[in-house]
Amino acid sequence: MTAKADIHWRKTRRLTFVLIACWIFVNFGLTWFARAINEVTILGFPLGFYMAAQGTLVINLMIIWWYNRQMNKLDAQYGVEDD
Amino acid sequence: MFASLSRLQRYYLYYTVGFLAFIGALAVLERHGMPPRWIGYAFLCFTISMYALIGIVCRTADVSEYYVAGRRVPAFFNGMATGADWMSAASFIGLAGTLYLSGFQGLAYVIGWTSGFVLVALLLAPYLRRFGQYTIPDFLGARYGGNAIRLVAVAAAILASFVYVVAQIYGVGVITSRFVSLQFEIGVFVGLAGILVCSFLGGMRAVTWTQVAQYLILIVAYITPVAILSYNQTGNPVPQLVYGQVLQQVTELEERLFNSPAELEARQLYRERADLYAQKIMQLPQSLSFEREQLSAQINKLKASDAQMKDIVALERQYRDLPHDPEQARARWENAMFSAVDRSKPPVHHAEAFPGETVEEQDIMRINFLALIFCLTIGTAALPHVLTRYYTTPSVRQARESVFWSLLFIMLLYITAPAYAVFAKYEVLSHLAEIPITKLPGWVAAWAKVGLVTIEDINADGILQLAELALNPDVVVLATPEIAGMPYVVSGLVAAGGLAAALSTADGLLLTITSSLSHDVYYRIFRPDASTQLRLVISKSMLLVVAILAATVAAQKPGTILSMVSWAFSIAGSAFFPALVLGIFWERATRAGALAGMVVGTTLSIYYIIRVEFDSIPVLGISGFGMEPWFHVQSNSGGLFGVLAGFITIIVVSLITRPDPRAANFLNAIRFRNGDDQ
């Protein structure tokens, strides 16, 4: 394996694991406290309900968007061919 | 703006405008007296002939076109196709109703069915695309080597997909029989025809382009009624934004209604009824013969006293309808008892998270909520019919981007479903509860006639209490057009949307089963030298056989099979997810490890589900094997244990077996490429 490929993979892996950690925090961590954060109201919704019905979904979409953005940069930087 | 669109985008724009014009024309015709039944037929014919047209235009005799649409599907359209592929009849018709009935707890489905796409985007799609073959068993076979793993993967793919496809075809039967009043069995075969016109001639290529067309119909059909309802109730046509205020009103109404004296009385009466049934069940078989004697005595007395014929006939019918033997009596009375127990429970506030009277009960709710999210998430990221869609994009970059579009298009529906539920609940609490039964709105009676709404005035006060009302979950989406007082054309649109959701998912699943059998089993294992032409002939005949088999099973209305759909997530999740993810991210994972992990994980999931869900299997003559759930986790989240066991098994077995020297090469090829190979 070339050194370039090695660094590219290490950076990909780090990005992946950081984003997966964020994802776990939002989808499972915050959701665990849904009952507590339901006390707060946002746009008329109790916050816990809002997160489960919309907020978490939007954050998930943003995680994918960010991953794509960073990976496109990384691929360009290391000259990864894309058929 | 228009000129910047690609040719494909322009085609689908014309198509969408054409569809909207078609709806407009039908609305005008309805105003001039076109009967509802014809509107139903018009929708059915228009949509299915559109799909057939696309299917015929996309016919192909090329293997790569047939299995992966020639890898020419742009990210944006692959996103739409995945959306239609993913959203099934259950998402379209059932989800809003589930949310209506279980409030916050139902949101586990909303999170679970969407968040898996993060895992697809980050852990799977780019690597599957760079690998660039045809199926998921292909990937596992290439990574770990050997036919055994391919066969296990094929078995798991078929196990997870077949019940699922039966449920979709069943859904088609239900929709056509309800809206176009076709007989259920005929509806099922109409559905079969609708599926075959898309997939038979053109394989994945035709399925992809019909799925895009189906996505457009289903999303328009899903959002239109609730947008109109939202505009009627709040003056704002964007339901997703404004239902928070409606939710507040719902909470206020709940507080006023839940503990009114009449509600308490109705619930008390249901509790007494449940106790009565419990007593009768305990005293079987004497209680049954006692009931029989009592009824016949009553009939004789009436006959002797020259009562009205009508009363006697009614009593005689009651006598005939008594259970025939203690066995049947037990089953029937238990049902009646559970339904009474359900109605006697105090209702739950819609927005309350993890409802329960004690902290312990709340924790059980919380654990199950998270376990269900986990299971659905992992299942989403492992269902083969979704994953194969990412083989069809032109590049790795587009594969990544198409997951983004997939989630965006899917989210549109999942963000709308909770709004449906809240608007429906507001309607019920404000216009049904505490209203004299004779003055209920018309839609209640219409849906009561087909058994989706039941009303029973248990306390005989002539007024409807919440405890006296039972709604089938499907009714929320199906009846919203009528609740909002919309013309029948909107109901027809909803039916067309449900049909699109069911057909598109069935297409994707059917193709997955077919390619597992024809590509992985026949071509890869038995006849690697088969000609391209022969491979296509085998694929097409498999498709026909599997489709007819699935439709035949669906036509039997198999209750148990339908309840097994939720198993698909647990099975797919524990069979594929650990083996795929470790295969991509952990070089040390070996063939023996993966094989053991897949078998152990899947077996554990099925074992857990069966032992928690059932106590006996009459067909096999075994009984008494039911068990208490572990950590209070319900059977529909059984995959939780299967997935964890799968990961642990793969890691442990891999570490004690010899590393595979070929893994490094394979992994380099799917992780990084800079032009030398390919």
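Thr47(B), Tyr51(B), Ile54(B) and Gly55(B) of helix 2 in chain B meet a set of residues from helix 10 of chain B: Ala206(B), Trp209(B), Thr210(B), Ala213(B), Gln214(B) and Ile217(B). This is a predicted model, so read everything here as computed from predicted coordinates. The two axes, of helix 2 (residues 36-57) and helix 10 (residues 203-234) of chain B, come within 8 Å and cross at roughly 150°. Anything over 145 degrees counts as roughly antiparallel, and helix 2 and helix 10 of chain B are therefore roughly antiparallel to each other. As for handedness, the crossing of helix 2 and helix 10 of chain B is right-handed.

Helix 10 of chain B is worth a look by itself. Of its 32 residues, 23 are buried, so the rest of the structure largely encloses this helix. From first C-alpha to last, helix 10 of chain B reaches 46 Å, close to the 46 Å expected at 1.5 Å a residue. Right behind helix 10 of chain B comes Gly235(B), with a positive phi near 80°.

**Helix 8 and helix 25**

Now for a pair that runs the other way. The axes of helix 8 and helix 25 of chain B come within 10 Å and cross at roughly 25°. That makes helix 8 of chain B roughly parallel to helix 25 of chain B. The crossing of helix 8 and helix 25 of chain B is left-handed. On the helix 8 side of chain B, the residues involved are Ala148(B), Ile149(B), Val152(B), Ala153(B) and Leu159(B), and they meet Ala594(B), Leu595(B), Met598(B), Val599(B) and Ile606(B) in helix 25 of chain B. In general, residues three or four places apart on an α-helix point the same way, because there are 3.6 residues a turn.

Helix 8 of chain B covers residues 147-179, and its 33 residues should span 48 Å at 1.5 Å a residue; the end C-alpha atoms are 47 Å apart, which agrees. Just past helix 8 of chain B, Ser181(B) takes a positive phi of about 45°.

**Helix 26 and its surroundings**

Helix 25 of chain B turns up again as a neighbour of helix 26. The buried residues of helix 26 of chain B pack against helix 16 (359-380), helix 24 (567-585) and helix 25 (591-613) of chain B. Those buried residues include Gly639(B), Leu640(B), Phe641(B), Gly642(B), Val643(B) and Ile650(B). Helix 26 of chain B spans residues 639-656, so to speak 18 residues in all, and reaches 26 Å between its first and last C-alpha, close to the 26 Å expected at 1.5 Å a residue.

Ser605(B) gives a residue-level view of this region. Ser605(B) sits in helix 25 of chain B, and at 0% relative accessibility it counts as buried. Which residues is Ser605(B) in contact with, leaving aside its neighbours within four places in sequence? They are Ser570(B), Ser574(B), Gly638(B), Gly639(B) and Gly642(B).

**Serines and C-alpha separations**

Two other serines are partly exposed: Ser430(B), at 23% relative accessibility, and Ser102(B), with a relative accessible area of 30%. Ser430(B) is found in helix 18 (residues 396-431) of chain B, while Ser102(B) belongs to helix 5 (residues 89-102) of chain B. The table pairs each serine with a partner elsewhere in the chain.

| Serine | Partner | Separation along the chain | C-alpha distance |
|---|---|---|---|
| Ser605(B) | Val166(B) | 439 residues | 21 Å |
| Ser430(B) | Leu253(B) | 177 residues | 7.4 Å |
| Ser102(B) | Tyr170(B) | 68 residues | 24 Å |

**Positive phi in loops**

Most residues other than glycine have a negative phi. Leu43(A) has a positive phi, near 50°. Where is Leu43(A)? Leu43(A) lies in the loop between strand 1 (41-42) and strand 2 (45-46) of chain A. At 55% relative accessibility, Leu43(A) counts as exposed.

Phe631(B) is not a glycine either, yet has a positive phi of about 50°. Its loop runs between strand 4 (622-623) and helix 26 of chain B. Phe631(B) is exposed, with a relative accessible area of 64%.

**Domains of chain B**

Zooming out, chain B is divided into domain 1 (7-238 + 366-423 + 486-671) and domain 2 (261-344). The C-alpha centres of domain 1 and domain 2 of chain B lie 45 Å apart.

Terms used
Residues are numbered from 1 along each chain as its sequence is written. Chains are lettered from A and ligands numbered from 1 in the order in which they are written. This is a predicted model: local features need pLDDT of at least 70, side-chain atom pairs count only at pLDDT 80 or more; totals for chains, interfaces and linings use all residues. Side-chain values use heavy atoms; hydrogens and water are left out. Helices (H or I, at least four residues) and strands (E, at least two) are DSSP runs, numbered from the N terminus. The expected span of a helix is 1.5 Å times one less than its number of residues. Buried means under 20% relative accessible area, exposed over 50%, partly exposed in between (1.4 Å probe, protein chains only). Contact means heavy atoms within 4.5 Å. Domain bounds come from an automatic or database domain assignment. Axes are lines fitted to C-alpha atoms, for helices over the stretch in contact, and angles run from 0 to 180 degrees between N-to-C directions. Angles under 35 degrees count as roughly parallel, over 145 as roughly antiparallel, 65 to 115 as roughly perpendicular and the rest as oblique. A crossing is left-handed if the near helix is turned anticlockwise from the far one by less than a right angle, and right-handed if clockwise.
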